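Trainee: Hey, got a few minutes? I'd like to go through this one with you before lunch.

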Amino acid sequence: MDLRTQLSMSFHLDKCIGCHTCSVGCKNVWTTRQGAEYMWWNNVETKPGAGYPLTWEDQERYMGGWEVTSGGDLRLKLLKGPGKLRTLANIFFQPNLPTIDDYYEPFTFDYDNLFNAPAGDDQPVARPKSLITGEFMEKISIGPNWDDDFGGSPLYASNDPNLKGLSDSQKLMLTQFHKLFYFYFPRICNHCLNPACVASCPSGAIYKRGEDGIVLIDQEVCRAWRFCVSACPFKKPYFNWNTGKSEKCIFCYPRTETAQANACAHSCTGRIRCVGVLMYDADKIEDVAKQPDDRLVEAMRDAILDPNDPAVIAEARKNGVEDNWIKAAQQSPIYNLFKKWRIAFPHHPEFRTVPMNYYVPPLSPILHQAKGDQGGTYDPESSEFFNDVELMRIPLKYLANLLTAGNESLILESLKKQMAVRMYVRQNRVGDVGDAKVKSALDACGLSEVDAEDIYRLVSLATFKERFVIPEMHRESKTSVDPRTMYEKRGSIGFGRKNREFLGRQW
Amino acid sequence: MDWNSVLYGQLPYVIITIAVVGTIARYVTNAYSWSSQSSQFLENKVLFFGSFPWHFGIVLVLLAHIFAIFFPSAILSWNAVPFRLYALEVTGLILGLLALFGLIMFVYRRLTDSRVRAVTSTADVLVIIILLVQVISGVATAIYFNWGSNWFAASAVPWIWSIITFSPDVAFIAGLPLLAKIHIFNAMLFILLIPFSRFVHFLAIVGPIQYVFGRPYQLVRWYGPRGARTEPIRQYK
Ligand code: SF4
Ligand code: SF4
């Protein structure tokens, strides 16, 4: 066993209201620089939808992630055929690289014109202006969140790769105003255990930090080969067209090192996010990544270790995990959501990067398809407040494609548990469900009343301290890498060029 | 004053010194600036027709030059059979034309695409001009002065070795046609520009070669007691 620790984030999809406060919080802190305008290290997508960059989940096009070869080896999809030799062949031109048009051309508006336009017959307008070329743009045809709230659009939603395997009537629902479903899906880098970005980088610039598992791009070593952008199936490394370096979500490590919550999680108005520590067995990573699709999530759960098990604690001490990290792991909301209660799932485990952020699938809308002649099952005259989760409006298959590599039984388990907790809480507060019914619902999904109470507390009442259990890192005392003191290191974190100009370029 | 001996006897030392010291200094003080400065992200349609032909053409031609510098006699004995001489010359010419085609696409792209223009620096313009002069003079030499592979091995290579062994002897190349001399002089300008431009990116190929022939897929850096700066999680095949 090789025990390691990882910082991880969870997202409760039912609670996300699609306000993009998280994206803006992140942007304000990290990506308001030239070349980074189009980067959204945190972005929120409408699902079903085409996503950002457009159709990023379509790996036939982008070749992101891993595949298991017929010989049983793990290989980057990008390196089909000759394997790593392909890196040399494609180093001059990458066939699978998205271009700026798959994201959007960053723009501003010519606000000056509103104030300075000469008097005339027409109202002055602020025309859009490219932030790359400085030229006026004819019209803006794509931007971030271009398909926001377009859950039923034939242009965007119907191109969602997760719709595969849905029945025709389910697909038809997407085009019917009273039946369509959509929800929001916030995404950051998953800080994977088997990161495709690290594995694809020919310069060795990308690495995973041992202590907290954060995946970073060393800006001094990046040589702009751009393989990470293609290889990451989540399209979370972004190429800075101005500095010629790739950049990605840094999990706000300057904040988490000092036990502060990440900018996105901290600013989340829906309070949908938790951050916590997981302990895992690094020897199992390769094996997990090779599992057949329907086994992937369970294999990931097996690789996560129980932080209260004395043997695990002893192993953690042996591997140099500090006491505050062990304590944080024991209070980790992520451990509870993912492993103990089994209601959260990784995003697209079938990409085999073993992603380390977890999503609680949405239940809503509670009222599902309308009854009978509408083709639905909801009975408006029923005296029941809750209906069967199998009949919910969001098809199980869709959630399974998104979160469990197609395994519907896992999704069903999570939804049933969430529904049982709702019944439990309603019975406690309103009392119209009936004790027997609540008990049978809890028993059916294997939850105790204590669990139900804990889940209820974490997903609705939890305070900052309960949601964000982030141990300090004390990097200042770890001098094996860089012997400078923290005082000498000040100002060393950040992005962008050093300010030396030569031959028309700042180096 | 004997221009030949200044340009081809003394200047090479100045240039090589600047290039070597400059390149090392840049790497040590500012590794951040070592980048291929790819602009594929902004424009990739024309680039496809530029980058592939350019790089494959120029890399092979360059390797051929280097091979000839180290094994001139191998080239000469290969060329002793006329058919083999023709084959070598024609291959070289085709590769040169391939590179030239790619380069012209580069120029076209830099001139016409406003996004690419926006990230073009003075250094980039110098780079393109020097490469254009180099490739055009090379291809023209190949066309107008036959059997360049022979006299490159017979006269330019001894001159290069005379430079390397610190006994510069310009007599080897004094008699070469002007076009060939331009080619050689421009090559020196190219070397001079290496530390000051994106040219350094061909030195950065060391990374990818290490990656392909040895490095494990995964890298982990530890700050604490595990000590090691980088460490493989595991080498997948
Ligand atoms: S999500 Fe992408 S960028 Fe982030 S660690 Fe995984 S492979 Fe790398
Ligand atoms: S801030 Fe929270 S609620 Fe708002 S979009 Fe982001 S994740 Fe969703």
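**A walk through the model**

Mentor: Let's begin with ligand 1: by class, its shell has nine nonpolar, two polar and one charged residues. Here Ala, Val, Leu, Ile, Met, Phe, Trp, Tyr, Cys and Pro count as nonpolar, Asp, Glu, Lys and Arg as charged, and the others, Gly among them, as polar.

Trainee: Before we go on, what should I know about the model and its numbering?

Mentor: This is a predicted model, where local features need pLDDT of at least 70, side-chain atom pairs count only at pLDDT 80 or more, and totals for chains, interfaces and linings use all residues. Residues are numbered from 1 along each chain as its sequence is written, chains are lettered from A and ligands numbered from 1 in the order in which they are written, and side-chain values use heavy atoms, with hydrogens and water left out.

Trainee: Okay, so which residues are around ligand 1?

Mentor: Cys189(A), Asn190(A), His191(A), Cys192(A), Pro195(A), Ala196(A), Cys197(A), Val215(A), Cys232(A), Phe234(A), Pro237(A) and Lys248(A). To be near, a residue needs a heavy atom within 4 Å of the molecule.

Trainee: And which come nearest to ligand 2?

Mentor: Of the 14 residues around ligand 2, those are Cys16(A), Cys19(A), His20(A), Cys22(A) and Cys268(A). The shell around ligand 2 divides into eight nonpolar, five polar and one charged.

Trainee: New topic: the two chains. How many residues are in contact?

Mentor: 61 residues of chain B touch 77 residues of chain A, with contact meaning heavy atoms within 4.5 Å. Between them the chains bury about 6,500 Å², 58% of it on carbon and sulfur atoms. Buried area is the accessible area (1.4 Å probe) that two parts lose on being put together, summed over both.

Trainee: Which residues of chain B lose the most area to chain A?

Mentor: Tyr32(B), Phe41(B) and Tyr223(B), which together make up 17% of what that side buries.

Trainee: How many salt bridges go across?

Mentor: The rule finds four across the interface of chain B and chain A, and 31 over all chains. A salt bridge here is a side-chain nitrogen of Lys or Arg within 4 Å of a carboxyl oxygen of Asp or Glu.

Trainee: Which side chains does Arg115(B) meet in a salt bridge?

Mentor: Asp101(A) is one of them, at 3.0 Å, N to O. Arg115(B) also meets Glu105(A), at 2.6 Å, N to O. Arg115(B) lies in helix 5 of chain B and Glu105(A) in the loop between helix 3 (85-89) and strand 5 (107-109) of chain A, so that pair joins two chains. Helices (H or I, at least four residues) and strands (E, at least two) are DSSP runs, numbered from the N terminus.

Trainee: Do the strands get involved too? What order do they form in the sheet with chain B?

Mentor: Three strands form an open sheet in the order 9(A)-8(A)-1(B), with mixed pairing. Strand 9 (215-217) of chain A and strand 1 (220-221) of chain B are the edge strands, each pairing on one side only. Strand 8 (residues 206-209) of chain A runs parallel to strand 1 of chain B, and two bridges join them. Two strands pair if DSSP finds at least two bridges between them. Lys208(A) has Val220(B) as its bridge partner in strand 1 of chain B.

Trainee: What about the sheet of four strands?

Mentor: That one is open, has the order 12-1-14-13 (chain A), and its pairing is mixed. Its edge strands are strand 12 (273-281) and strand 13 (345-346) of chain A. Strand 13 pairs with strand 14 (residues 357-360) of chain A in the antiparallel sense over two bridges, and Pro346(A) stands opposite Tyr358(A) in strand 14.

Trainee: Last thing: where are the backbone oddities?

Mentor: Most residues other than glycine have a negative phi, and most peptide bonds are trans. The peptide bond from Lys47(A) to Pro48(A) is cis, with omega near 0 degrees, and a cis bond also joins Tyr52(A) and Pro53(A), with omega about -5 degrees. Pro48(A) is in the loop between strand 2 (43-47) and helix 2 (59-62) of chain A, and Pro53(A) is found in the loop between strand 2 and helix 2 of chain A.

Trainee: And which residue has a positive phi?

Mentor: Phe251(A), at about 50 degrees although it is not a glycine. Phe251(A) is found in the loop between strand 11 (245-247) and helix 8 (253-256) of chain A.
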